[in-house]
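Open your viewer, load the model and keep the selection tool handy. We will go from one stop to the next, and at each one you will hear what to select and what is there.

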Amino acid sequence: MMKKLEEVLKESRQYKIYKTEINKAIGHKIKTFRVAFDMTKFSLAERIGITYQQLSNYENAKSSITVERLYKIAIIFNTEIQNLLPTNESLNQIYNNIVK
């Protein structure tokens with residue numbers, strides 16, 4: 001029987017790994033869109049009202065991004081916010097790697 005996610009993530013180390021992996025997936029998607037739209041980190045950061053360094057932290061999973069900022073980025077790239085989030089398949093893969 002598969003453990004519930006809450007049970008698996010009770011230990012802070014597992015939660016930290018899970019959170020970091022999700023941040024990596026989101027950061028990768030932001031960077032992918034930014035590059036596809038031929039934007040620099042500086043120009044995207046300026047449009048969403050943050051510093052270049054903060055955007056770099058999001059793209060490199062050093063910080064978690066807020067939903068409000070993800071929404072702003074989705075508007076800039078004319079896409080749905082869901083396209084900036086990990087897919088269910090990605091989340092399952094992250095989960096399975098942590099459970100091992």
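Begin by selecting D38, which is exposed because its relative accessible area is 72%, over the 50% cut-off. You will find D38 in the loop between α2 and α3. Its phi is positive, about 55°, even though D38 is not a glycine. Bear in mind as you look that this is a predicted model.

**The whole chain**

Now zoom out and colour by secondary structure. The protein chain shows 6 helices and 0 strands, so the pattern along the sequence reads α-α-α-α-α-α. Of the 100 residues in the chain, 35% are buried. Switch on a surface if you like: the accessible area comes to about 7,100 Å², and carbon and sulfur atoms account for 51% of that. For a contact map, take the contacts with a separation of 6 or more; 61% of them join residues 24 or more positions apart.

**The nonpolar core**

Next, select I30, L44, L55, I65, I73 and F77 and show their side chains. Within the largest nonpolar core, which has 21 residues, these six touch the most other members. Which helices supply at least two residues each to this core? They are α2 (12-36), α3 (41-48), α4 (52-59), α5 (67-76) and α6 (88-99). The most comes from α2, with 5 residues.

Keep L55 on screen and expand the selection around it. Leaving out residues up to four places away in sequence, L55 touches I30, R34, K41, L44, A45 and I50.

**Helix α3**

Select α3 and look down its axis. The buried residues here are K41, L44, A45 and I48. They fall within an arc of 100° seen down the axis, so they line one face of the helix. Turn to the other side of α3 and you will see F42, E46 and R47, which are exposed. Step along to G49, which follows α3 and has a positive phi, near 80°.

**Where α3 meets α4**

Add α4 to the selection. The axes of α3 and α4 are 8 Å apart, and the two helices pack at an angle of about 105°. That angle lies between 65 and 115 degrees, so α3 and α4 are roughly perpendicular to each other. To see the contact itself, pick K41, F42, L44 and A45 on α3, together with Y52, L55, S56 and E59 on α4.

**Helix α4 and E59**

Hide α3 and stay with α4. Its buried residues are L55, S56, Y58 and E59. An arc of only 160° around the axis covers them, which puts them on the same side of α4.

Now centre on E59. Is E59 buried or exposed? It is buried: its relative accessible area is 8%, and buried means under 20%. Show the residues around E59, leaving aside neighbours within four places in sequence, and you will find contacts with G27, H28, I30, K31, R34 and K41. K41 and I30 are also touched by L55, so bring L55 back to view the two sets of contacts together.

Move on to A61, in the loop between α4 and α5. A61 has a positive phi of about 60° although it is not a glycine. Unlike D38, which is exposed, A61 is buried, with a relative accessible area of 13%.

**Helix α5**

Select α5 and again look down the axis. L70, I73, A74 and I76 are its buried residues. They cover an arc of only 160° around the axis, which puts them on the same side of α5. On the other side, E68, Y71 and I75 are exposed. Following α5 comes N78, with a positive phi near 50°.

**A last pair**

Finish in helix α2, where A25 lies. A25 is buried, with a relative accessible area of 19%. Draw a distance from the C-alpha of A25 to the C-alpha of I94 and you should read 9.8 Å, although the two residues are 69 apart in sequence.

Definitions and conventions:
Residues numbered from 1 in each chain as written. Predicted model: local features only at pLDDT ≥ 70, side-chain atom pairs only at ≥ 80, totals over all residues. Heavy atoms only, no water. Helix = DSSP H or I, 4+ residues; strand = E, 2+ residues; numbered from the N terminus. Buried < 20%, exposed > 50% of the residue type's maximum accessible area, 1.4 Å probe, protein only. Contact = heavy atoms within 4.5 Å. Areas by Shrake-Rupley, 256 points an atom, 1.4 Å probe, with all protein chains shown as cover. Core = buried A, V, L, I, M, F, W, Y, C linked by side-chain atoms within 4.5 Å. Arc of directions from axis to C-beta. Axes fitted to C-alpha atoms, helices over the stretch in contact; angles between N-to-C directions. Parallel < 35°, antiparallel > 145°, perpendicular 65-115°, else oblique.
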